[in-house]
Amino acid sequence: MKRAIAAACAAAGFVSMWLLMPRFDAALGGVRPALGRDEAIARAAAWARAHGVEISGWRFATAAEVDPLLARIRQRQPESAVAQWFTPVRIRVLAFNQQGDAVLVTLTADGRPLSFLDRRQTLTGEATADAAEQELLRLAGGDAERFIRTAENVRTLEGSRSAWEWVDPDLKGVLARVVVVTRNGRVVNSSYEFSASREAAGEAPPAPPRLQAALTVLTFASVAGIAVLILWTLFVTLQRRADPFGFAVRFLWIPAAGIAAAFLSGNYQNDALLRSFEDGLTGDSRLIFGITLALLILLGLFLILAAAYAAVPRAQMRLWAPAVLLVRGRWKNRQAAEQIWTGMAAGVLLGAAPYWVAQWTGQPRVRFLEGTNLIMAPWPAMETLAGLVTGWELYLVALFLYPWLAGRVRKPWMAAAAAVAAGTLVASLPRSAFPPGHAANYLTAALLTGGYLLAYRYGGMLGAWMTPLGMHAAVQGVRLAQMPAPSLEAAGWQTLALAFGFAVAALGASFLLPEADTRPVEAKMSEAAAALPRSQRERLRAEFDVARRAQQELLPAGAPQIGGFEVAAACHPAGEVGGDLYDYLPSPRGRWMLCVADVSGKGLGAALHMTLLKGMLASAAHHAPALATLASRLNQAVAETGRGRMFITLSLVVLDPAARRAEHLRAGHNPPLLWRAQTGECEWRRPRGIGLGLTAGPAFAANLETETIEFAPGDMMVLYSDGVTEDMNPEGELFGEQRLAELVRRHASEGPRRLAGAIMEEARAFRRESELHDDWTLLAVQCTSGSVPEEEGLKETGDKG
Amino acid sequence: MTRSFLIETRNEGDVRILALKGFLDAHTAPRFEAAIEEELRGGRSRLVMDCSGLDYISSAGLGVFMTFVDEARGAGGDIKLASIQPKVYQIFDVLGFPALFDIQPTVEEAVARFGSAAGEG
């Protein structure tokens with residue numbers, strides 16, 4: 001059904017364009033370049049030879065251009081001499097060689113010379129005293145005597161400048177001019193040009209200055225506003241850690257492929273070459289220029305895409321899902337094909353919009369395609385891309401502004417109306433795609449923006465992306481069919497064939513390919529987009545700062561000296577405020593209480609509970625009750641204060657160094673690891689126990705076990721938080737218990753300090769560029785054969801209890 | 001690292017089944033919390049969590065179960081866990097959840113338990 005509607009839209013667009021185009025596209029007066037590429041080059045070579053320059057064997061770039069002013073004059077006064085002499089289509093031939101010499105020749109559509117520009121490194125050829133006069137005769141032919149000399153050998157930087165002018169008596173306000181610059185008796189620059197007053201050109205009177213100023217301000221404000229919006233969105237999303245850049249980078253291959261094709265086909269170089277020549281560059285600079293331009297285009301698209309992706313509100317994620325699938329390499333899905341088909345069909349309909357507007361408003365003509373380089377271009381790839389780029393304002397609005405607005409404005413029609421208004425402003429004001437007449441401009445821009453929005457709404461992100469391709473293909477197709485070009489080389493039929501093939505393939509694929517499940521993609525997108533509002537986040541961050549500093553104070557500053565034992569710990573908090581705690585607390589009768597705890601969740605709540613736990617443990621260490629009693633008291637306190645919303649897991653070891661014995665309690669915590677020096681093997685110690693605060697009922701005490709561990713010299717006990725074993729690498733693999741045990745086996749004999757360091761190092765290597773997603777805490781205690789340990793590496797620390 | 005988490009709900013008689021899929025961690029726990037809260041506000045307190053698709057659970061995720069289990073039991077229902085993957089079960093086990101929650105090997109068994117015993121605790 002959706003496909004059929006799209007097809008109907010395309011048909012309606014094509015038919016209306018077919019009917020309307022001849023009426024409005026008469027601007028060129030039916031003039032086409034009468035020459036093929038080879039013929040144009042031959043004429044240019046002959047013209048150059050007349051100036052004493054031999055360009056055969058050089059390389060060439062050719063283009064055909066439309067002069068809109070001439071086109072208008074020709075339509076108003078088709079019989080006038082100026083209109084007959086100057087054709088609205090001009091052919092340009094640029095010749096250049098390896099030495100950096102370049103010659104630019106401009107011809108009329110039927111091959112008469114209009115200008116000559118010699119930019120050779122060294123001037124050769126015959127010098128004549130009256131080179132300028134001879135050039136006038138060549139350019140103006142039999143009309144030469146009608147010209148009045150207005151400048152005679154005026155010295156300029158370029159050379160001696162002479163000029164002649166001829167006011168056409170038939171046409172008021174039109175001036176033809178021949179300008180010749182000679183250097184050392186040789187012509188280096190000559191041109192036959194003309195200018196016309198506004199009335200003669202049939203232009204509407206300019207808007208009042210105040211209105212113009214207001215419109216300029218308005219335009220500037222809207223363009224700047226959207227640019228700022230994009231930058232701001234990018235900045236905010238950076239903080240959110242969503243992944244808009246990844247998406248944009250992956251998506252860039254689509255325009256990049258177009259640019260690459262244009263480069264390979266030579267069309268792009270053709271264009272870039274002529275442009276670089278106008279900037280005073282030749283030779284290899286053309287390539288650098290072309291590449292720079294292509295990179296700038298890509299950068300612009302990248303920014304828009306990244307910002308747009310970041311701004312997609314939840315409700316519109318399904319519109320983007322096929323594009324996300326596509327960039328992830330899952331291109332064989334029905335939705336993407338459907339969107340491409342819908343977008344291209346919408347483009348055909350939109351292509352007719354300027355013609356409708358011209359019909360309704362009584363505009364005399366429509367010049368929709370900017371320039372007609374296609375006429376001479378061997379391959380139209382770049383023009384297709386140019387369609388994407390020249391319509392950038394509409395893209396900006398459809399792909400970025402509208403989604404952004406829709407996420408913030410409650411009523412969809414309000415967002416659409418605002419987007420159309422902005423699109424109308426930014427698309428119609430700075431561009432002169434249409435003859436003056438503001439109403440028609442605005443109407444067309446509004447129609448185009450609205451059309452883009454509809455293409456986006458029904459064809460999704462890919463659809464909006466494909467719309468210009470359909471638009472260009474349709475305009476070009478109708479044009480070719482109605483006004484055939486004089487030679488096959490001068491055709492733009494490749495665009496049509498390419499686009500038509502693409503559309504048919506998309507339509508076929510939309511029937512044949514399987515439907516993809518886009519829900520995971522949408523879920524992922526919404527996850528990436530989920531973030532706190534800004535003000536709330538800032539307030540929380542300030543609070544976190546305080547909490548983090550307080551929390552760091554809670555951890556012991558160094559390891560204590562325990563006779564016959566050595567201890568070391570490492571802690572690496574993840575993010576703002578973590579929930580891990582470790583401590584060494586001296587107890588009566590020379591005992592030490594060692595613990596690692598993990599408070600569930602993060603943030604202030606967790607930090608406060610850590611403080612609470614630290615205080616309770618310190619008090620308990622002092623009073624030294626039985627472990628089970630202590631645990632039950634802790635559980636009660638946590639259950640009361642946490643009210644079921646948080647819990648603490650805890651590994652608690654009460655070490656009696658003199659007896660080389662420890663009592664161990666595990667309240668829902670990861671089972672500690674015990675390495676036996678004698679066997680070199682590890683064992684996991686997992687007495688039963690429930691996390692503190694999970695239940696206030698009798699289940700806690702009923703499920704609690706304590707165990708006694710006897711230490712032999714060299715034995716090492718490792719307590720750790722789940723941040724150690726659940727550390728994750730970029731592939732999503734967990735560090736795991738086996739890896740930990742293996743490291744303990746390998747490094748236990750080196751002592752706790754080195755062991756902790758080795759594990760931390762290994763974890764960092766494992767994690768690579770991934771972020772630590774949970775606090776990472778490890779505490780190791782080793783029995784050092786009963787003797788007092790060496791001083792090396794141990795720090796005295798104040799009594800923290 | 002952001003990972004996906006999905007909840008699919010369905011009914012089996014008067015028992016509500018929430019199939020959890022993906023990663024339940026600090027990032028996704030608020031969504032899970034909201035989902036359970038919605039069930040309880042809607043008067044559905046007999047809940048079975050189908051954990052067969054749950055790949056990972058962090059302490060924040062575990063906290064959500066704790067937050068609501070008393071409320072569910074107070075309303076005459078329960079939160080039962082079913083068909084937990086071994087890896088995830090290990091996490092529940094370390095924490096002592098088996099002593100506090102009714103954990104069943106399959107969803108059917110968990111649903112059946114609502115018939116035989118009206119919750120625990």
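Select B:Lys21 to begin, and look across to B:Gly53 in β3(B), which stands opposite B:Lys21; bear in mind throughout that this is a predicted model. Widening the selection to strand β2 (residues 15-24) of chain B shows it running parallel to β3(B), with eight bridges joining the two. To follow the chain between them, add helix α1 (residues 29-41) of chain B, through which the path crosses from β2(B) to β3(B) in a right-handed β-α-β crossover.

Next, stay on strand β3 (residues 46-57) of chain B, where nine of the twelve residues are buried, leaving the strand mostly covered. Strand β4 (residues 78-82) of chain B also runs parallel to β3(B), and five bridges join them; B:Asp50 is the residue to pick here, with B:Ala82 of β4(B) opposite. Helix α2 (residues 59-74) of chain B completes a right-handed β-α-β unit with β3(B) and β4(B).

Now move to chain A and display the open sheet of five strands, which pair in the antiparallel sense in the order β9-β18-β17-β14-β15. Its edge strands, β9 (565-572) and β15 (681-684) of chain A, each pair on one side only, and neighbouring strands are turned by 15 degrees against each other on average, direction ignored.

Zoom in on strand β14 (residues 673-676) of chain A, which pairs with β15(A) over four antiparallel bridges; A:Arg676 has A:Glu681 in β15(A) as its bridge partner. Helix α25 (residues 736-747) of chain A packs on the sheet, touching β14, β15 and β17 (716-720) of chain A, at about 30 degrees to the direction of β14(A).

Finally, select helix α26 (residues 752-767) of chain A, which lies across β9, β17 and β18 (776-783) of chain A and runs at about 25 degrees to β9(A).

Notes: Residues are numbered from 1 along each chain as its sequence is written. Chains are lettered from A and ligands numbered from 1 in the order in which they are written. This is a predicted model: local features need pLDDT of at least 70, side-chain atom pairs count only at pLDDT 80 or more; totals for chains, interfaces and linings use all residues. Two strands pair if DSSP finds at least two bridges between them. Axes are lines fitted to C-alpha atoms, for helices over the stretch in contact, and angles run from 0 to 180 degrees between N-to-C directions. Two residues are in contact if their C-beta atoms, placed from the backbone, lie within 7 Å. A residue is buried if 20 or more other C-beta atoms lie within 10 Å of its own, exposed if 12 or fewer, and partly exposed in between; C-beta atoms are placed from the backbone. A crossover is right-handed if, with the strands pointing away from the viewer, the path from the first strand over the helix to the second runs clockwise.
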